[in-house]
Amino acid sequence: MRYLMVDAGRVVVITGGSKGIGRAVAMRFAQEKARIILVHYDPDETASEKTMDALAKQGIEVESHKVDVSSFEAVDVLFKDILSRFGRVDVVVNNAGITKDTLVMRMSEEEWDMVLKVNLKSVFNCTHAVLRPMVKKRGGSIVNISSVVGLVGNAGQANYAASKAGILGFTKSVAREVAARQVRVNAVAPGFIQTEMTDVLPEQAKESFLQQIPLRRIGSPEDVAEAVYWLCSDAASYITGQTIHVNGGMFM
Ligand code: NAP
């Protein structure tokens with residue numbers, strides 16, 4: 001698929017870009033020869049190196065940073081560095097996320113705080129760090145990765161669902177704050193996508209998810225990446241504050 005009028009050489013920051021959906025998003029942006037900045041946090045760099053290699057093979061200018069996106073200070077330092085070197089950031093995909101699943105009755109304060117910090121506060125951190133320069137440049141696109149679970153809930157994922165629902169309210173509010181400056185802020189809410197995050201689920205749980213998907217297949221990271229890419233293209237220049245649901249019809 002091709003989209004019209006996408007600036008080559010855009011500076012694109014993808015949090016959680018080392019694997020899964022983030023890696024697929026990076027590979028999609030590689031098709032326009034964007035400059036790609038991956039952010040990940042695992043001290044084991046194998047996944048990020050694999051993604052970097054795949055991008056470098058395509059001649060893409062790519063770099064990877066091990067930064068905890070839940071840290072306001074660390075994110076601020078990262079974006080200041082990127083902005084000082086490239087002069088701008090055109091796209092931010094807030095994709096980093098974790099799960100700490102358990103029933104609320106058994107959930108520790110730490111499990112609650114950690115998921116909210118990594119999944120939701122990180123979106124604030126990265127948006128805060130990049131918004132002023134985007135507003136100044138009168139352009140930019142932010143896509144926040146939510147989840148179908150943020151819309152319908154899921155037993156055992158109250159922390160995760162709260163973080164993903166929070167992303168939607170945040171997205172719409174920021175979209176309203178910066179729309180007049182031509183900065184667009186949208187969300188993508190994936191359904192059940194095959195990545196390391198879902199690979200760990202028991203077979204029975206996967207089968208039960210499958211039964212809830214009208215299109216009768218698990219989504220691929222590329223399914224999500226395509227929606228993210230489209231939202232950041234000029235083809236979506238009149239779209240802000242929206243959520244694109246990529247879920248095989250799981251939630252309509
Ligand atoms: P994944 O394969 O587990 O990848 C998660 C990514 O987030 C990794 O790159 C990881 O990097 C990074 N990350 C985690 N904690 C971080 C931190 N503190 N600082 C910086 N980076 C951090 O997950 P995925 O399935 O691709 O999910 C990507 C996003 O889509 C998440 O927000 C998830 O909630 C959402 N989502 C996924 C599904 C699904 O079915 N898979 C469905 C709906 C929504 P390191 O490993 O290096 O830490």
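Helix H7 gives the largest share of the shell around the ligand, three residues. The model is a predicted one. In total, 30 residues surround the ligand. The closest are Ser 18, Asp 42, Asn 95, Tyr 160 and Thr 195. By residue class, the shell divides into 13 nonpolar, 12 polar and five charged residues.

Polar contacts to the ligand involve both side-chain and backbone atoms. At Lys 19, an N or O atom of the side chain is 3.0 Å from an oxygen atom of the ligand. At Asp 68, a polar side-chain atom lies 2.9 Å from a nitrogen atom of the ligand. Val 69 contributes through its backbone: a polar atom there is 3.1 Å from a ligand nitrogen. On its own, the ligand has 890 Å² of accessible area, and the protein covers 93% of this.

The ligand takes up the space of the largest pocket. Three elements give two or more residues each to the surrounding shell. They are helix H1, spanning residues 20-30, helix H6, spanning residues 158-178, and helix H7, spanning residues 196-199. Tyr 160, one of the closest residues to the ligand, falls within the range of H6.

Charged pairs were examined next. Side chains of opposite charge can pair when their charged atoms come close. With a cut-off of 4 Å between a side-chain nitrogen of Lys or Arg and a carboxyl oxygen of Asp or Glu, the count comes to 10 salt bridges. One of them joins Glu 226 to Arg 28. The closest N and O atoms of this pair are 3.1 Å apart. Glu 226 lies in helix H9, residues 221-232, and Arg 28 in helix H1, so the salt bridge ties together parts that are 198 residues apart in sequence. Helix H1 thus takes part in this pairing and also gives residues to the shell around the ligand.

Terms used:
Residues are numbered from 1 along each chain as its sequence is written. This is a predicted model: local features need pLDDT of at least 70, side-chain atom pairs count only at pLDDT 80 or more; totals for chains, interfaces and linings use all residues. Side-chain values use heavy atoms; hydrogens and water are left out. A residue is near a molecule or strand if one of its heavy atoms lies within 4 Å of it. A polar contact is a pair of N or O atoms within 3.5 Å; within protein, one must be able to donate a hydrogen and the other to accept it, and residues adjacent in sequence count only if both atoms are side-chain atoms. Accessible areas come from the Shrake-Rupley method with a 1.4 Å probe; for residues, only the protein chains shown count as cover. On a 1 Å grid over the protein atoms alone, a cavity is a set of points where a 1.4 Å probe fits but cannot get out, and a pocket is an open set with protein on both sides within 12 Å along at least five of seven lines; lining residues have an atom within 4 Å of a point. A molecule sits in a cavity or pocket if more than half of its atoms lie within 2 Å of its grid points. Helices (H or I, at least four residues) and strands (E, at least two) are DSSP runs, numbered from the N terminus. Ala, Val, Leu, Ile, Met, Phe, Trp, Tyr, Cys and Pro count as nonpolar, Asp, Glu, Lys and Arg as charged, and the others, Gly among them, as polar.
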